[in-house]
Structure formats: C-alpha cells, structure tokens
Amino acid sequence: MNANRDNILNKIEEYVSATFLGGMTLLIAVQVFRRYVLQSSLDWTEELARYLFIWSVYVGCSYATQRDRHLEVTVARIMFGPTVAKYVTIIAYVFTMLFCICAAVWGTQMVLFLGSTGQKTPALEIPMAWVFLSVPVGLGLMALRTFQRLLAIFRGEIDFAAMCLK
C-alpha cells in the first residue's frame, strides 16, 4: 500500500471513530436531557448510540493497531530483552492477524445471513446487517494493520531495543 493511500485510510479510520464517538456522546446527552428535564424520552437515541459505539470500537481497533496503541503484556520484552521481544511480538501479531481474519470471515457470513433474513433493528428499523457489518470491516482493517506491523518488523523499522526500555 503506498503512503498516500495509507494516509487516507488513517484519516478515514480516525474520523469515523471520532465522529461516531462524538455522535454517541451527543445522543446520550440529548436522551438524558429529554428523560430527566423534559420527562419525555426518545425511543431511538439509545439504540443509535449503541450502534455508533459498536462501529467506533471496531474501526478504532484498526486505528489503534496502526498507531501501536493496543494494550499488551510487556513482561517478556522487559525480562528477556529485544531479541526475545521481537519473536514474541511476531508470534503475537501472527495470532492476532489469524484471529482477525477468522472473525472477519465469520462476520461476513453473519452479515450475509442477516441480509437474507431481512431482520431490522427494533427502534430505528434499519437492516441489522448494517450493525453487524462493523465486525468484518473493523477486523478486516485490523488484520491489514497487523500485517503492516509485521512487515515493519521484517523491514527493521521497529526498534525493539528502545521498546524494551519503556
């Protein structure tokens, strides 16, 4: 993937995740105001906020992988040094990528199944497939980002000696 396309993908992930989180926060604030101040709640805001949160999390996971911001256990890195850390990281990335690919495939099957049943969400009455589409999109992107991290390791772009000092 060239740098320009990669930068566009970074921005898309960042903006989608941030916009959906912001929208979710606004919807919840409106719902709280209507429920406790106006004594009249809306039926659809909680549901839409939940779906925005789901999409934000899955797309945000991909962005966090690209930025190397996922939580990780660093005991092996600190105890055994950069050489062991490199191989432990490679193994972890391979398993992460395999999990993401499997979950994206399963998610795609679920989306296709839900699309064929015509199931809709209770309040918004949008196709449930749109909600579940977050799984293959987010985890597919995360698999791509994990693959990019693996390539960076093999190219020597990641300094494990500096990582062991953190």
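Searching the whole structure, a predicted model, turns up 3 salt bridges, each a side-chain nitrogen of Lys or Arg within 4 Å of a carboxyl oxygen of Asp or Glu. As a general point, side chains of opposite charge can pair when their charged atoms come close. One of the bridges joins E13 to R145, with the closest N and O atoms 2.9 Å apart. This pair ties together distant parts of the chain, since E13 sits in helix 1 and R145 in helix 5 (residues 134-154), 132 residues apart. Helices here are DSSP runs of H or I with at least four residues, numbered from the N terminus. Both partners, E13 and R145, are buried; buried means under 20% relative accessible area, exposed over 50%, and partly exposed in between, with a 1.4 Å probe and protein chains only.

Another salt bridge stays inside helix 2, where R50 and E46 lie 4 residues apart, about one turn of the helix. The closest N and O atoms of R50 and E46 are 3.7 Å apart. R50 is partly exposed at 40% relative accessible area, and E46 also counts as partly exposed, at 46%. Then there is the bridge between the side chains of R155 and E157, at 4.0 Å from N to O. Both R155 and E157 are exposed.

As for the ground rules, residues are numbered from 1 along each chain as its sequence is written, and side-chain values use heavy atoms, with hydrogens and water left out. The model being predicted, local features need pLDDT of at least 70 and side-chain atom pairs count only at pLDDT 80 or more, whereas totals for chains, interfaces and linings use all residues.

R145 turns up again in the packing of helix 2 with helix 5. The axes of helix 2 and helix 5 are 8 Å apart and make an angle of about 5°; axes are lines fitted to C-alpha atoms, for helices over the stretch in contact, and angles run from 0 to 180 degrees between N-to-C directions. Helix 2 and helix 5 are therefore roughly parallel to each other, a label for angles under 35 degrees (over 145 is roughly antiparallel, 65 to 115 roughly perpendicular, and the rest oblique). On the helix 2 side, the contact (heavy atoms within 4.5 Å) includes I54, W55, Y58 and C61, while helix 5 brings V135, L139, M142 and R145, among others. Sorted by type, the residues of this contact come out as 10 nonpolar, 6 polar and 2 charged. Nonpolar covers Ala, Val, Leu, Ile, Met, Phe, Trp, Tyr, Cys and Pro, charged covers Asp, Glu, Lys and Arg, and the others, Gly among them, are polar.

On the cysteine front, the structure holds 0 disulfides, a disulfide being a pair of cysteine sulfur atoms within 2.5 Å. For C100, the nearest cysteine sulfur is that of C61, 8.2 Å away. C100 is buried, with a relative accessible area of 1%. C102 is in no disulfide either, and the nearest cysteine sulfur, that of C100, is 9.5 Å away. C102 counts as exposed, at 54% relative accessibility.

Two loop residues have backbone angles worth a mention. Q39, in the loop between helix 1 (3-36) and helix 2 (45-66), has a positive phi near 60° without being a glycine. Q39 is exposed at 63% relative accessible area. E125, also not a glycine, has a positive phi of about 55°. E125 lies in the loop between helix 3 (75-117) and helix 4 (128-132), and is exposed, with a relative accessible area of 55%.
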